[in-house]
Amino acid sequence: MNELIEKLLEAVEFGKVDLKSPYPPQLRGQDGSFELTQKAIETGINPQLILESALIPAMERVGKKFSENKIFVPQMLMSAKAMGASMVQLKPFFASGSIKTKGTFIIGTVKGDLHDIGKNLVAMMVEGGGWSIIDLGVDVNADRFVEALENNPGAVIGLSALLTTTMVNMGEIVTRIKAQNADTKVLIGGAPVNDEFCRKIGADFYAPDPQKAVEYLNKLAS
Amino acid sequence: MKLCALVFWWQKHNIMKYKSLIINNPEDLMFGIAPKPVKTRRGLEIGGGQVYAELNFTLPIMSINEGTLKEVYNHYREIAEGALEHAVHLNSKGVVLEFETLLEMTKTPSIGVEIVKIMNDICEEYYQKHGLASEIRLTPNDLREFERPALQRTSKFLEPMVELFERGMMAGGDLLSIESTGGKEVSDEALMMCDVKGVLFALAVLGVRDMQFLWGKIVSLANKHGKIAAGDSACGFANTAMVLAEKKYIPKVFAAMVRVISVVRSIVAMEQGAVGPDKDCGYEGPFLKAITGIPISMEGKTSACAHFSPLGNIASACADLWSNESVQNIKLLSGMAPTAYLEQLEYDARLMNEALRAGKMHCSILQQLLVSSDIYTDPQALILAPENVIRISKAIVKGDSYVANARDGALTALDIIEEALLSGKMKLPEMETSFLPIFRDDLNSIPDSENDFIAMMLPMLDPGKFILSEYGL
């Protein structure tokens with residue numbers, strides 16, 4: 001593997017954002033993902049290769065470590081920040097169409113519910129997995145999901161809820177989404193929901209944690 | 001006149017009123033006994049030598065709308081009747097029913113008021129028929145978090161919240177509480193980043209100011225109607241941290257820091273005139289009890305129906321009410337879940353009451369067992385041991401600003417955790433302990449002065465996330 005790609009992979013995996021960043025201590029004083037991506041582009045490495053050989057594998061490693069309880073969320077967030085710094089450099093290539101994401105993922109916490117920590121983690125991990133994210137925020141009703149789907153045909157939808165009195169709103173949203181396009185895939189997550197509830201409301205997948213959401217989406221994209 | 005001048009001075013300078021502890025000795029920080037007990041309308045004396053059950057409950061999976069309102073009311077009727085009937089059967093000394101409202105019940109206060117009325121009628125019936133003393137703790141949810149950035153002082157949601165408090169207390173809600181959310185818009189992100197300075201800013205600057213604003217109103221309403229302004233809980237902050245730590249999302253040592261920092265925020269309710277019992281999910285309660293002398297409600301192993309925690313036994317070490325956090329009204333093999341949980345709470349309370357009846361030595365032995373069974377299993381348990389509560393509380397009250405109070409408390413908690421690690425009594429993995437020097441450096445970088453701290457933090461925070469003027473800044 002190209003040395004720059006290897007270094008970039010390491011920078012993203014361990015959350016080294018840029019040269020100035022003091023985190024992580026073992027990479028202090030070294031280039032971060034921002035500079036390494038810039039150098040990779042300048043040396044003529046294909047931007048799609050940068051994405052697929054460095055950024056996505058780095059975030060896959062991070063997701064795996066998190067799933068295995070080997071790192072905490074802040075470390076994962078630092079990796080996401082490092083990936084974000086690379087994406088700044090890659091932005092023009094996304095705009096010109098020379099890099100493609102795996103698809104679009106629309107996510108939101110359902111109507112009546114304000115809890116967004118789990119939703120944000122899923123969004124971050126899915127983005128790290130090479131997807132475009134449209135985060136609708138919290139307290140999102142069916143109309144807004146349907147509207148976002150209209151604007152992004154083919155997108156996959158993610159619904160989050162933390163309360164027993166708001167999870168019931170997922171059913172209506174799934175019905176509206178499927179009425180708009182029966183082929184649209186909907187995944188759900190949150191403390192009170194489970195596989196049985198997922199099947200009951202006609203959703204396609206229950207993700208017990210962020211990594212499982214990424215794995216499901218990657219299967220859809222493959 | 002001197003007292004008035006003093007009150008005016010601490011309010012003007014925005015510093016903590018408490019400069020010393022009411023309970024100075026760990027052995028005096030005991031379940032069932034508070035220096036300032038609270039007497040209720042039907043005769044409960046909370047903190048007066050008895051521990052009572054505080055039952056908390058919620059609806060099963062269902063929507064709340066016009067079409068389901070009758071069913072909603074029936075659920076609450078069934079919960080209250082089932083719990084009180086079983087309390088009589090168990091020879092209960094008294095029960096608190098906590099009614100924590102759901103969104104729709106606060107947005108439309110008449111729904112919340114009707115539920116209070118239903119439950120209060122049942123409480124009165126059991127009082128008249130069986131002499132069972134019970135009271136309702138009314139806890140409206142803080143609707144202001146529906147707006148981002150939050151409009152803490154100008155939100156249209158304040159009106160229904162205040163209406164529910166006032167009409168709800170007139171309908172029989174005697175103990176008033178809330179889990180207020182001032183500063184949560186900053187805290188949520190800080191928790192995920194393990195940003196101790198961000199959490200301290202959220203709780204000791206924004207949280208304190210919002211508590212001053214909100215609890216001034218609640219206390220004034222309670223006084224107007226002769227009701228009891230009980231207390232607040234840093235649930236949305238420190239319990240979020242505890243649950244995230246349980247899921248292994250953030251280090252347990254960080255969750256312990258957040259708990260201690262939350263003390264300076266929750267104590268503001270008492271500064272404004274709240275008298276307890278502090279709210280069940282506020283695990284900062286033991287610190288409030290030590291500093292102010294109020295009775296507290298706590299929850300531990302009996303709250304596993306709502307969330308897991310590492311504090312199952314130790315949480316009851318100085319509880320005056322013993323709670324279950326929240327349980328859905330669903331059928332179990334024995335009966336409905338709230339009734340089953342009432343039984344569990346009653347048996348725990350009965351054991352503590354038997355120790356209280358037998359005398360100080362028995363209380364001390366029971367408390368030691370409750371503490372020693374948990375203390376070194378988790379840093380969050382460690383800081384709740386009575387001797388550590390007193391040590392941390394003494395550090396908290398020394399400072400001359402809420403910021404310094406919170407910082408010094410957190411640094412003392414760090415000392416206690418490191419001492420336990422050094423002694424070998426507590427073991428934590430390297431992925432936990434590696435955070436300790438980072439937290440210490442962060443805490444040591446915090447200045448004494450609130451103004452200096454605000455100046456330090458503002459460039460580091462996203463200005464789009466919160467509105468300073470909504471906190472009176």
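This short talk walks through a predicted model, beginning with a sheet in chain A and then turning to the nonpolar cores and to some details of the backbone.

Let me start with the sheet in chain A, which is open and has five strands in the order β2-β1-β3-β4-β5, paired in parallel. If you look at its edges, you will find β2, residues 132–135, and β5, residues 205–206, and because each of these has a single partner strand, one side of each is left without a neighbour in the sheet. The edge strand β5(A) is joined to β4, residues 186–189 of chain A, by two bridges, and these strands run parallel. To see where they meet, find A:Leu187, which stands opposite A:Phe205 in β5(A).

Helices also pack on this sheet. Helix α6 of chain A, residues 142–151, touches β1 (104–109) and β3 (156–160) of chain A, and its direction makes about 170° with that of β1(A). Helix α9 of chain A, residues 210–221, touches β1, β3, β4 and β5 of chain A, and here the angle between the direction of the helix and that of β4(A) is about 175°.

Let me move now to the nonpolar cores. The largest of them has 213 residues, and those with the most contacts inside it are B:Tyr76, B:Met105 and B:Phe201. The element that gives the most to this core is helix α7 of chain B, residues 196–225, with 18 residues. Chain A takes part as well, since the core draws at least three residues from each of its domain 1 (3–96) and domain 2 (104–221). If we take B:Tyr76 and leave aside its neighbours within four places in sequence, we find contacts that include B:Phe57, B:Leu59, B:Phe99, B:Met105 and B:Met119. There is also a second, separate core of 25 residues, and among its members are A:Val110, A:Phe145, A:Met167 and A:Ile173.

Next, please look at helix α11 of chain B, residues 285–292. How many of its eight residues are buried? Eight of the eight are, so the helix is largely enclosed by the rest of the structure. The buried residues include B:Phe287 and B:Leu288, but also B:Lys289 and B:Thr292. What they pack against is a set of elements of chain B, namely β1 (33–39), α9 (252–266), α10 (268–271), β8 (297–299) and α15 (386–398). Just after this helix comes B:Gly293, which takes a positive phi of about 85°.

I will finish with the backbone, and with cis peptide bonds to begin. One runs from A:Tyr23 to A:Pro24, with omega near -5°, and A:Pro24 has its place in the loop between α1 (3–14) and α2 (33–42) of chain A. Another joins B:Gly276 and B:Pro277, with omega about 0°, and B:Pro277 lies in the loop between α10 and α11 of chain B.

A positive phi is also found in residues other than glycine, and B:Lys248, with phi near 65°, is one of them. B:Lys248 lies in the loop between α8 (235–246) and α9 of chain B, and at 43% relative accessibility this lysine counts as partly exposed. B:Glu325 also has a positive phi, near 70°, and lies in the loop between β9 (321–323) and α12 (337–358) of chain B. Is B:Glu325 buried or exposed? Its relative accessibility is 13%, and because buried means under 20%, B:Glu325 counts as buried.

How values were computed
Residues are numbered from 1 along each chain as its sequence is written. Chains are lettered from A and ligands numbered from 1 in the order in which they are written. This is a predicted model: local features need pLDDT of at least 70, side-chain atom pairs count only at pLDDT 80 or more; totals for chains, interfaces and linings use all residues. Side-chain values use heavy atoms; hydrogens and water are left out. Two strands pair if DSSP finds at least two bridges between them. Helices (H or I, at least four residues) and strands (E, at least two) are DSSP runs, numbered from the N terminus. Contact means heavy atoms within 4.5 Å. Axes are lines fitted to C-alpha atoms, for helices over the stretch in contact, and angles run from 0 to 180 degrees between N-to-C directions. A nonpolar core is a set of buried Ala, Val, Leu, Ile, Met, Phe, Trp, Tyr and Cys residues joined through side-chain atoms within 4.5 Å. Buried means under 20% relative accessible area, exposed over 50%, partly exposed in between (1.4 Å probe, protein chains only). Domain bounds come from an automatic or database domain assignment.
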